[in-house]
Amino acid sequence: MRGLVALTAANLRSFTRDRAALFWTFFFPVIFVILFGTIFAGGSSDYGLGWVDEDGTQPAAMLREAFAANAPVELTDGTLEESRERMSSGELDAILVIPQGLAAAIDAAQGGGGQAPVAVTIITDPSRSGTSQAVQQIATGLVMAANLQLSGATPILTVDLETLQTTGLNSVSFFVPSILAMALMQLGIFAAIPLVEQREKLILKRLNATPLPRWTLVGSNVIVRLLIAAAQTVIIVGIGVAVLGVEVVGNWALIAGFVVLGALSFTAIGYVIASFARTEEAANGMTQIVQLPLMFLSGIFFPLEVMPEWLRGIATFLPLTYLGDALRQTMVGGTPFAPLGVDALVLAGWLVVTLGISARFFRWQ
Amino acid sequence: MSQSVATARGSGATLGARPDATGPVIRVGDVHKAYGSIQAVDGVSFEVAPGEIFGLLGPNGAGKTTTMEMIEGLHPPDAGTIEVLGLDVRRHAPQIKHRIGVQLQTAALYPQLTVEELLSLFGSFYARQRPVDRVIEDLELGEKRAAQTKTLSGGQRQRLSVALALVNDPEVVFLDEPTTGLDPAARQGLWQVVRRMQGEGRTILMTTHYMEEAEALCDRLAIMDHGRILDLGTVDELIGRRFQERGVRFLRRDAPPGEQLRGLAGVTRVVEEDDEVVLFTRDVPATVGALLEVTTGAGTEPADLMIRRASLEDVFLDLTGRALRD
């Protein structure tokens, strides 16, 4: 027990004196949070929208006013031709086309006639999936709202617009738990590197020449990782809340539970890497090979919904998908990818399997 | 020094009486260890008595380190028995580890911890401890106690690695090539430390590939090569078993021809090395007299004339047919 405490203190001391480790563990994720926060909460939440009014009537002008007043968009009038050109040159994010016959259709509808609906066209650029999605949502929402207003159900209009107003904020809310998940993933997987380093430098061998039981060594490493995970959580969530105005809506105990489970699962993956990497260089390479696909295929930076089907299939097996999902759900009330119970089960499953693999293959010297 | 050694051996000065102080401290019986197709240790047996400095001498790759690490409980032997302090290493490794101090060949340290922190960290692993201040004093690390270990020089690192072997006030100390990479002065300093350990009643098993170190420190030696012990005994025994002669050495420059030297009184063998001639003789005065007669007759004198007995180097050459050099 005394050995465990002393070793944990020594490991923490070593960690806090290692500037590179401090940078990657704390400052790197913080930079990420601030970067994403600025991109998604800042000026670019005003999307450039080309406004092509082919109707030119009073109702069309009213619709334009509703857009300008209520959505995070900047409208630029023009013909379809002009707008297309502006969009290709990057000035516009999307184009909204109000077709001829809008006023006529409204008149007909209010007169009680069963005329076919008039289609408002949204032109987006699929290569910029995040933007086009947001614009689609905003435009669809506003058109729906306009529909409601025109059919006389005024109060609902305001409610609907409030929801739309928070879209910009939601991106940050989406990213803060994602970045926390990423930080926990890296923290765990990078556990391989000091472990392989200690084996290569024969520190593990030297410890093995003392009566210190091996479980103490593993236990101390895990405790250190959990303490760092706790510090990361406080820092990342703290910045999210204090600087970016993210609202934590979930249960703190549940959040803590998933932080611990996530840190444990990924640390066990780190031990698997340390089981197969013979040199520190090999461990470095293997952590990158493991972390890159996790980072990009687990829906922490791009919502899973925008991924092609086959990539989503891969994401279904990755632990980071479930950690990100669980943290989004518990922290900001994100849309579930899976129920929380499933998230916990998948993470626990990864933990058990990777623990088994490292128990079988890990070498102390 | 020798007097304090004698008392320490008798009473166990700092360690107190041990229940098993009379039997051998280490007993190794026909131990084998292979790594893949390489037979690293091939049937090694020896015993180390309480209070003794016992040396394993041999070139790199002779199996010294593997033998020692099996005794420390770091690797299980493939076959054979190892007892330390009367306990079987296979079954009682944790108890044994509490009572032994280990210095590994490659200094293994936490680079970001200070000397003092590292010593108290290792101390915390043991039931019995020697105060960190004492250990720092033992190895003269006082100036560096607050320095992170990554800033230490090679010699300081080596001393720290020996210091780590003392934090638990051990009964048996294992030193693996403790003076490798040290300059001559630092080497002498470490010999003093080892002798002091012995003076405190500790038993020491060490490996070395320095003849001089083995001669200066070890009460008894086992000469190892290719995983086997070739011979075992005190330095005098090892030399006396093979060489009754003394060597009369001098520089080859201006020396009489070999034919003439072989005929000199008392000479049994003539060995011509790089720039030296060695006459092995059972009668030093007769040989030297005859030599001087010859050289004086030729109007010269033997340059750098020196008389010495055979050395461990000669023993090793005799046992293996090759020289033991770094």
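Which residue of chain A forms a salt bridge with B:Glu117, and how far apart are the closest N and O atoms? I looked this up first. The partner is A:Arg17, and the closest N and O atoms lie 2.8 Å apart. I note at the outset that this is a predicted model.

**Entry: overall scores**

I recorded the global scores of the model as ipTM 0.81 and pTM 0.73.

**Entry: the interface**

I then turned to the interface to which that salt bridge belongs. I found a count of three salt bridges between chain A and chain B. For polar contacts across the interface of the two chains, I noted nine residue pairs, with both residues at pLDDT 80 or more. On the side of chain A that touches chain B, I listed the elements that give two or more residues: they are α1 (2-16) and α10 (203-208) of chain A. The largest share of that side comes from α1(A), with eight residues. Sorted by class, the side of chain A that touches chain B holds nine nonpolar, seven polar and seven charged residues.

I next looked up the extent of the contact. Chain A contributes 23 residues and chain B contributes 28 residues. The two chains bury about 2400 Å² between them, and 60% of this lies on carbon and sulfur atoms. I asked which three residues supply more than any other three of the area that chain A buries against chain B. They are A:Arg17, A:Arg206 and A:Pro211, which together supply 30% of that area. A:Arg17 thus appears in my notes both for its buried area and for its salt bridge with B:Glu117.

**Entry: a sheet in chain B**

I traced an open sheet of four strands in chain B, with the order β2-β1-β4-β5 and antiparallel pairing. Its edge strands are β2 (38-48) and β5 (87-88) of chain B, each of which pairs on one side only. I followed the pairing of β1 (residues 26-35) of chain B with β2(B), which is antiparallel and runs over eight bridges. Within β2(B), B:Ile38 is the residue that stands opposite B:Tyr35.

**Entry: salt bridges over all chains**

I counted 29 salt bridges in the structure over all chains. I examined one within chain B, where the side chains of B:Arg228 and B:Asp42 meet at 3.0 Å, N to O. This pair links distant parts of the chain: B:Arg228 sits in strand β10 (residues 228-233) of chain B and B:Asp42 in strand β2 of chain B, 186 residues apart.

**Entry: confidence by chain**

For chain A, I noted an average pLDDT of 82, with 88% of the residues scoring at least 70. Confidence in chain A is lowest in helix α7 (residues 154-165), at a mean of 39, and highest in helix α12 (residues 252-276), at 95. The pLDDT is below 50 over residues 154-169 of chain A, a stretch that has 18 contacts in the model beyond near neighbours in sequence.

For chain B, the average pLDDT is 88, and 92% of the residues score at least 70. Among the elements of chain B, I found the lowest mean pLDDT, 39, in helix α1 (residues 2-11) and the highest, 97, in strand β7 (residues 172-176). Residues 1-20 of chain B have a pLDDT below 50, and this stretch has 30 contacts in the model beyond near neighbours in sequence.

Key
Residues numbered from 1 in each chain as written. Chains lettered and ligands numbered in written order. Heavy atoms only, no water. pLDDT = per-residue confidence, 0-100. Contact = heavy atoms within 4.5 Å. Pairing = 2+ DSSP bridges. Buried area = accessible area lost by both parts, 1.4 Å probe. Salt bridge = Lys/Arg side-chain N within 4 Å of Asp/Glu carboxyl O. Polar contact = N/O pair within 3.5 Å; in protein donor to acceptor, adjacent residues only side chain to side chain. Nonpolar A, V, L, I, M, F, W, Y, C, P; charged D, E, K, R; others polar.
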